[in-house]
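Student: Please take a close look at the aromatic side chains of this model and set out how they are arranged.

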Amino acid sequence: MPKTSARLLSLLSLLQARRDWPGADLAERLEVSPRTVRRDIDRLRELGYPIATTKGPDGGYRLAAGSELPPLLFDDDQAVALAVALQAAVAGGGGIEEAAVRALNTVRQVLPSRLRRRVDMVQVTAIGSGAGQAAVGVEVLTALSAAIHAREVLRFDYADADMPRRVEPQHLVTRGGRWYLVAWDLERDDWRVFRADRIRPRIPTGPRFSPREVPGGDVAAFVTSRFQGSDGGGWPCRGEVILHAPIAEVAPFAHDAVVEEVGPERCRLVLGAWSWPALAAAVGAFDADVEVVGPAELKYAFAMLARRYASAARGTS
């Protein structure tokens, strides 16, 4: 039989893994009696973990939301910041999405309802990789998220701007380690992308508005196109390939591309360029075997570059 402290940690881990546990199942997993499970549940409750007893023929337990956090000793802002960071990790890829989802669910499950509502309002779109240096306060992120969720006009002061801005906030985005607000600017009657660290929200918000769809319907492509100096749908040539390389070796150098893990040694890469040969050459820079998913123009570009490089190797034109 495991020692009490180790058994308590195992019990807590089981309670976090799924919503409801019959008492008999917990006893079987821990290799103890149902009576010992009841005593251990009481010990966890004394430590501050909100464990509810479920009724029914089998009887059981559930790790419920409580009026305060258990002994992790996070304050409200720290708890929300942790949940926001985990959601950004879920959206941002890099091979840790599954672990981040599990961690986010674990944190969310024990958040009191007032904090859970704040976390659930945050919807993050992550683009590319990188590490920005500008810090954004949790209060700013939650204020932006609340306005997006409520579909209410947001007023804010913006760094280096003389007048307050009035916008219809649509999306919260991370790109290169920085936070951005994608919004419809009511004064300029156009779409704008604002750096969140330069925003100082004004209270109250309102009135309500109907959501708009960004040009092209893809938030990531729209924001990327704005950073490329284009008002259209981003790069004129976009393709998808499978690289025979671990995502950890590809993601740090993918810039604005979308990278998804498809296996331990393979990843999906979606990226753009000004021409198809340039796109094929960019893929080749990763020094890995390539499977072209599409479109056909990208396959033709690889064939053309293969002939060109073969001629260069032979010393012929």
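Tutor: Ring pairs link Phe-156, Tyr-158 and Phe-194 into a cluster; rings of Phe, Tyr and Trp (its six-membered ring) pair if their centres lie within 6.5 Å, and planes under 30 degrees apart count as stacked, over 60 as edge-to-face and the rest as tilted. The model is a predicted one, in which local features need pLDDT of at least 70, side-chain atom pairs count only at pLDDT 80 or more, and totals for chains, interfaces and linings use all residues. Residues are numbered from 1 along each chain as its sequence is written, and side-chain values use heavy atoms, with hydrogens and water left out.

By the ring rule there are five aromatic pairs. One of them joins Phe-156 and Tyr-158, whose ring centres are 6.1 Å apart and whose planes stand at 70°, so this pair is edge-to-face. Phe-156 also pairs with Phe-194, again edge-to-face, at 5.2 Å centre to centre and with 80° between the planes. This second contact links distant parts of the chain, since Phe-156 lies in strand β5 (residues 154-158) and Phe-194 in strand β8 (residues 190-195), 38 residues apart; strands here are DSSP runs of E, at least two residues long, numbered from the N terminus.

The burial of the cluster can be described in the same terms for each pair. Phe-156 and Tyr-158 are both buried, where buried means under 20% relative accessible area, exposed over 50% and partly exposed in between (1.4 Å probe, protein chains only). Phe-194 is buried, as is its partner Phe-156.

Technical notes. Helix = DSSP H or I, 4+ residues; strand = E, 2+ residues; numbered from the N terminus.
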